[in-house]
Amino acid sequence: MRGEVLHYDADQGFGFITGADGNRYTFTRENLRRQTAMPKGAAVEFQPGGGQARDVFLIEAASPAAGASPAPTQANPAPTAVVSPAQHFGRTAEPAEPTDLWSYFWGGLTRNYFNFAGRARRKEYWGYCLFWTIALLVIVGIGVFTDAEIGNFDNAEVPAMTVGLFGLFLLATFLPSLGMIVRRLHDLGLTGWLCLLILVPTFGGLIILVFALIPTQGRENQWGPVPAGVRV
């Protein structure tokens, strides 16, 4: 995607890009394809994902071919109409990422699987939790049905299929779920390390639940701009 550099602090190695889709993305020094200066207003190409820009590089202006003679200039050139640029760097453009609940869940398991940066609005967090719970019930249901057919319950044996599928599901979704909690905390202007509260029996989970219910911080913070779709 094409974008425009809004700000880049070379000392901190952190900045913002306005994309052609109208959204703003954060990027760090590690996201630069080549270590180079990123002046404000510079045109760049990048790969968007979860509010973060990756593989960022400057778009260099095309230079004339070697040996080519410059075109002759006219003494009195005729006035030409101003052509509007094809790319738009503003909120008038349509957002690239869908905001329905299923897309939030699927995006959490795919492009945001290892994403612990950026912000997640309440709708994204609860959409992920909704379909995570539905998926868990389906997985457990399949395990119970399989154990019943095998006869594990009749023989008073451990329901191996149910326990195994349950454990695999929790293991597979651990990182994206943790990342969703961290991004939700970032959305409130809080440090993601507060996710460790979930290790506190009973009260830790309740505190995380309260954080998940708090509205989005209505301004840009150090973890990125206000998520798309949030009214401020």
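Begin with the whole chain in view: the protein has 5 helices and 5 strands, and the model that shows them is a predicted one. If you colour by secondary structure and follow the sequence, the elements come in the pattern β-β-β-β-β-α-α-α-α-α. Of the 232 residues of the protein, 33% count as buried. Among contacts between residues at least 6 apart in sequence, 58% join residues at least 24 apart.

**First stop: the annotated segments**

Select residues 125-146, 158-181 and 193-214, which an unreviewed UniProt entry annotates as "transmembrane region". Over residues 125-146 the chain is 100% helix and 0% strand, with the C-alpha atoms at the two ends lying 32 Å apart. Residues 158-181 can be inspected in the same manner, and here the chain is 88% helix and 0% strand, with 33 Å between the end C-alpha atoms.

**Second stop: helices α2 and α3**

Now select helix α2, residues 122-150, together with helix α3, residues 160-172, whose axes come within 7 Å and cross at roughly 155°. Because of that crossing angle, α2 is roughly antiparallel to α3. As you rotate the view, note that α2 passes α3 in a right-handed crossing.

Which residues of α2 and α3 meet? To see them, show the side chains of W132, A135, L136, I139, V140, I142, G143, V144, T146 and D147 in α2, and those of A160, M161, T162, L165, F166, F169 and L170 in α3, since these are the residues in contact. By class, the contact of α2 with α3 has 13 nonpolar, 3 polar and 1 charged residues.

Within this contact, centre the view on M161, which lies in helix α3. Leaving aside neighbours within four places in sequence, M161 is in contact with G143, T146 and D147. A C-alpha to C-alpha distance drawn from M161 to V144 comes to 7.3 Å, although the two are 17 residues apart in sequence. Is M161 buried, exposed or partly exposed? With a relative accessible area of 33%, M161 is partly exposed.

**Third stop: helix α1**

Move back along the sequence to helix α1, residues 101-109, and select S103, Y104, F105, G107 and G108, which are the buried residues of this helix. If you then display α2 and α4 as well, you can follow how the buried residues of α1 pack against both of these helices.

**Fourth stop: helices α4 and α5**

Select α4, residues 174-187, and α5, residues 203-213. The axes of α4 and α5 come within 9 Å and cross at roughly 55°, and the two helices are therefore oblique to each other. The crossing in which α4 passes α5 is left-handed.

For the residues behind this contact, show I181, R184 and L185 in α4, which meet I208, F211, A212 and L213 in α5. The residues of the contact of α4 with α5 divide into 6 nonpolar, no polar and 1 charged.

Between α4 and α5 there is a loop, and T202 lies in it. What is the phi of T202? The phi is positive, at about 65°, although T202 is not a glycine. With a relative accessible area of 61%, T202 is exposed.

**Last stop: the segment after α5**

Continue past α5 to I214, which has its place in the segment that follows this helix. Not counting residues up to four places away in sequence, I214 touches R122, R184 and L188. I214 and R122 are 92 residues apart in sequence, yet they are 7.7 Å apart in space, C-alpha to C-alpha. I214 has a relative accessible area of 33% and is partly exposed.

Finally, select Q217, which also lies in the segment after α5. Is Q217 buried or exposed? At 18% relative accessibility, Q217 counts as buried, because the cut-off for a buried residue is a relative accessible area under 20%. To see what surrounds this residue, display R119, D187, L188, G189 and V226, which Q217 touches when residues up to four places away in sequence are not counted. L188 is among the residues touched by Q217, and L188 is also one of those touched by I214, so keep it displayed as you compare the two sites.

Note on methods
Residues numbered from 1 in each chain as written. Predicted model: local features only at pLDDT ≥ 70, side-chain atom pairs only at ≥ 80, totals over all residues. Heavy atoms only, no water. Axes fitted to C-alpha atoms, helices over the stretch in contact; angles between N-to-C directions. Helix = DSSP H or I, 4+ residues; strand = E, 2+ residues; numbered from the N terminus. Parallel < 35°, antiparallel > 145°, perpendicular 65-115°, else oblique. Left-handed = near helix turned anticlockwise from the far one by under 90°. Contact = heavy atoms within 4.5 Å. Nonpolar A, V, L, I, M, F, W, Y, C, P; charged D, E, K, R; others polar. UniProt positions renumbered as here; feature names shortened; annotations may be inferred. Buried < 20%, exposed > 50% of the residue type's maximum accessible area, 1.4 Å probe, protein only.
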